[in-house]
Amino acid sequence: MSITRIHDKNVAFEAKALAAERKNPTRLVMSRRAVLRGTAACVGLPMLESLLSPSEARAQAAAPPQRLVTWFIACGVWGPSWFPTDTGANYTLSPTLKSLAPVKNKVLVFAGITNAPCVNSQGSHGCGPPGMTTCMQGTKPAIGMGISVDQVYAQALGMATRIPSLQISGTDGTFSDVQYPAVYNGTTSWASTTQPLTPIVNAGQIFDQLFSGVMPAMSTSAATTAALAKRSALQKSVLDEILSEATTLTGKLGKTDQVKVDQYLTSVRAAETALQQSAMPNSCSPGTMTKPALTLGPDTNGFGHKIYDPNVYTDIITTLMALAFQCDATRVISYQQMNGGHSSYSSFPWLTPVVNRDHHSLSHHNGNVTSGLMLAQIEAWEIGLFSAFLQKLDKIQEASGTVLDNSLIFLSSEISDGNAHNQGATSYSGFAAPTGKPILLAGSAGNKIKTGRHAIYNNDPQANLFIAMLNTLGVPTTKFGMNGTAPLTGLT
């Protein structure tokens, strides 16, 4: 875990943790045993305990990898069908959330959370998607957002996995909402204020990224192993020489040049880490899954973008996401089921009964219950896909729990209610239960969060929830976004 690599004015870390890391910087050390262990980590095969030392075996059992997923749904929700009417551990799932029943005890349902920095009566669908993960208001016409919660964790992890993070979407269609850059509408993952991470839409491309160069467990020949070792030793000796020369030079330089050399050494260490990581063959196996070859459907809403069959596509994508976690190819994923506003679905012919209205205009329901119930039907379908993903993770056993148990899966939208374009509570005629930003949190990062509840807050900032999530994942964050100042309480 490394936090000194993260530079964003809207994210701060515990002073003691920063000082400790600067004194003893995190550096990846990969032993021969670790390389051999990597070749044994194929999906569908057990971890070979003979390759673990007793202390490593205990650590593996006690602290399996912890993952983070952000899952975006578009256009807000119809509150009367989304929010439960009772609270606590014995709450009743609402009509929209009923499909969560198989994993209800591993999901936390929130009410009373707000994301005030992203309130924007005009441009919510543009700024809202990245605002959901950054708790920032985007600028225009120049791009300016902020680092997203998933990237804080990914950058803190550094090179812990072969793929630092995955960004995935169900569409490549975006639109510019009231002159905001269109990139806001299509990206929820931001590496910095000005660096959006464009999501992948092609499932085959994700398959290749995960499984290219797959090496079956323990099948490396002696000649190949020797060649890899020789190449690694040569590259390492060159890096050692550079580091030695630079260290000698540093004492003879002025402060400005010392900073430049330090920056250079940082890049050299990054290269060293990358080489060490590449020494581990890709042992992530797709098992019986073959490379997806999906066909794009017709233009769905007149804005010039096409989509795959959303049921088939989401099933494939979530299978790939589960495999990525199972073989520890990555620990961080952001997923946009669709983008907000006009970039969402134009109709829903796969639902029963069919909904022949586009998602965006339907979300501007003006309090009409008929429109609201159609929205609820759409949202129940979306949560069904989400629940299916959670159940896939919950079937993968590791240590004393499952991959779901060792993850934090955050779901929300760019706004609370599509008609109000708000970021907090919404009033509905005849509905008295607490509302707020629609947020679900699944998994407990190793039993560190108390799930299986409907938790009601009093206009607490969503950014504080992100601070608590990052702290739970081992990142000592003290500030996040525009208004995150302390971890949200009541999660444990």
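Tutor: Let us call a residue buried when its relative accessible area is under 20%, exposed when that area is over 50%, and partly exposed in between, using a 1.4 Å probe and protein chains only. This is a predicted model, in which local features need pLDDT of at least 70 and side-chain atom pairs count only at pLDDT 80 or more, while totals for chains, interfaces and linings use all residues. Residues are numbered from 1 along each chain as its sequence is written, and side-chain values use heavy atoms, with hydrogens and water left out.

Student: Is Arg331 buried or exposed?
Tutor: Arg331 forms a salt bridge (a side-chain nitrogen of Lys or Arg within 4 Å of a carboxyl oxygen of Asp or Glu) with Asp328, and the closest N and O atoms are 2.8 Å apart. Asp328 has a relative accessible area of 23%, so it counts as partly exposed. For Arg331 the relative accessible area is 16%, which means that this residue is buried.

Student: How many salt bridges does the count come to?
Tutor: Side chains of opposite charge can pair when their charged atoms come close. One such pair is Lys106 with Asp394, whose closest N and O atoms are 2.6 Å apart. By the rule already given, the count of salt bridges comes to six.

Student: Which residues do salt bridges that share partners join into one network?
Tutor: Lys106 pairs with Asp394, and Asp405 also forms a salt bridge with Lys106, the closest N and O atoms being 3.0 Å apart. Asp405 lies in the loop between β9 (401-402) and β10 and Lys106 in the loop between α4 and β3, so this pair ties together parts that are 299 residues apart in sequence. Asp405 is buried at a relative accessible area of 14%, and Lys106 is buried at 17%. The residues joined into one network are Lys106, Asp394 and Asp405.

Student: Why is strand β10 largely enclosed by the rest of the structure?
Tutor: Helices (H or I, at least four residues) and strands (E, at least two) are DSSP runs, numbered from the N terminus, and β10 covers residues 407-413. In a regular strand the side chains alternate between the two faces of the sheet. Here both faces are covered, with Ser407, Ile409, Leu411 and Ser413 buried on one side and Leu408, Phe410 and Ser412 buried on the other. The strand is therefore largely enclosed, the number of its seven residues that are buried being seven.

Student: Which residue in β11 does Leu411 stand opposite?
Tutor: Two strands pair if DSSP finds at least two bridges between them. Seven bridges join β2 (residues 67-73) to β10 in a parallel arrangement, whereas three bridges join β10 to β11 (residues 439-442), which run antiparallel. Within β11, the residue opposite Leu411 is Leu440.

Student: Which helix gives the largest share of the largest nonpolar core?
Tutor: A nonpolar core is a set of buried Ala, Val, Leu, Ile, Met, Phe, Trp, Tyr and Cys residues joined through side-chain atoms within 4.5 Å. The largest has 68 residues, and those with the most contacts inside it are Leu100, Leu320, Leu390 and Leu440. Its largest share, 10 residues, comes from residues 369-394, helix α13.

Student: How many residues of helix α14 are buried?
Tutor: Helix α14 spans residues 462-472 and is mostly covered. Among its buried residues are Phe466, Ile467 and Met469. Of the 11 residues in this helix, the number buried is 10.
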